Amino acid sequence: MKACVLDEWGGSLTVDTVPDPEPEPDEVCIDVRACGVTRTIENSIQGGLEDDPTLTPRVPGHEFAGIVDDVGDDVSGIVPGDRVLAYFYLTCGECDACRRGATNQCANFGGWYGATRDGAYAERAVIPASNALPLPDGASFVDGAIAADGLATPLHICRRAEVDDADTVLVVGAAGRVGIHLSQLAALRGARVLAADIADDRLAHIDSVTSPAVQPIDVRDDDVAARLREATPNGDGPTVVVDTVGNTDTLVDAWEALAMGGQLISLTTHHERSFAPPLTEFVVKEAAISGSRYATKDEVVRAARLLADGRIDPVVTERVGLEDVPAVHERIRAGESYGMVVLEP
Ligand SMILES: [Zn+2]
């Protein structure tokens, strides 16, 4: 089969012919129909998830959906022909967290396919059967690729922050695939949304695709904190800030603008970035900073239902073939790509 292969962490991608993968007894093989080509995968390619050289060469890609075409001998409940979407984390299924459904907090975390093992920048992909979730009727394969991370992650954030109509949610990096779907989801839950980004084309992208509750806001230049507060009712500031970028200057501004009792939620996985306000500021504002880690399996399926029902509009900026994937990653690396690029192998 054809696949897009990474030679080494931080190295280059090449489209090549590789052996067809065969499922182990507890695995399924999936005919890949749609896979996101995203900044998260670029981070993985650069060694941000795994950096052990023995794990390369590697087929990246994890945000995908497709049709089961082969199952291992021990697999039950999934048969060839089933439409599925994939859960990104390799989890044990047996620890307390897994048993209560908090699969994103698995105590025996086994890594990520697309990094720890091969992923879905390929015509076919093999994953553990427990990672293949049912793609709801009415959801396209592209919907599945969006739900797998680009909407499941926002769903987890909104549940953690208990976003509702009393909130003004500031989304930092709103033109990205997580940001654009989070902006829509927060609006669906009744919140006002300040959808922040830093370039004219990215702000125009936000303006063109989201609901009236979503207000694009430019966070370049000076007085960002003051402008953020001015954009909220009574100038109180956003009650929830979700940072998808990890830019420290923007975090400082967002923290300054945060409403009393507000929450700042970080998605940043860049190891070198940190942000630590003085403890007294937590007390004076009764504010919270927390992280949000991917999503549960249940949330991935629920995200797909939101798209299947038309409650969230899937935002796709470009559809590409396997040969185009290396060039898309060059554009992501150069900061020239936003939104959701979908590979259809
Ligand atoms: Zn577990």
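The following exchange concerns a predicted model, its two domains and its zinc site.

Visitor: Into which domains is the chain divided?
Guide: The chain of this predicted model has two parts. Residues 150-291 make up domain 2. The stretches 2-140 and 314-343 together form domain 1.

Visitor: How much area do domain 1 and domain 2 bury between them?
Guide: The size of an interface is often given as the accessible area lost when the parts come together. Here 13 residues of domain 1 are in contact with 15 residues of domain 2. Carbon and sulfur atoms account for 50% of the buried area, and the value for the two domains is about 1,100 Å².

Visitor: Which side chains meet in a salt bridge?
Guide: Between domain 1 and domain 2 the count is one salt bridge. Its N to O distance is 2.7 Å, and a salt bridge requires such atoms within 4 Å. The two residues are R177 and E63.

Visitor: Which residues are the protein donors of the zinc ion?
Guide: In sequence the donor residues follow the spacing C-x2-C-x2-C-x7-C. Their SG atoms lie 2.3 to 2.4 Å from the zinc ion. The donors are C92, C95, C98 and C106.

Visitor: What is the arrangement of the four donor atoms around the zinc ion?
Guide: Ideal angles for four tetrahedral donors are 109.5 degrees. Four donors count as tetrahedral if all angles lie between 85 and 135 degrees. The angles around this zinc ion are 103 to 120 degrees, so the arrangement is tetrahedral.

Notes. Residues are numbered from 1 along each chain as its sequence is written. This is a predicted model: local features need pLDDT of at least 70, side-chain atom pairs count only at pLDDT 80 or more; totals for chains, interfaces and linings use all residues. Side-chain values use heavy atoms; hydrogens and water are left out. Domain bounds come from an automatic or database domain assignment. Contact means heavy atoms within 4.5 Å. Buried area is the accessible area (1.4 Å probe) that two parts lose on being put together, summed over both. Donors are N, O and S atoms within 2.8 Å of the metal (3.2 Å for Na, K and Ca); water is not among the atoms, so sites may look incomplete. Four donors count as tetrahedral if all angles lie between 85 and 135 degrees; four count as square planar and six as octahedral if opposite donors are over 155 degrees apart and all others between 65 and 115; anything else is irregular.
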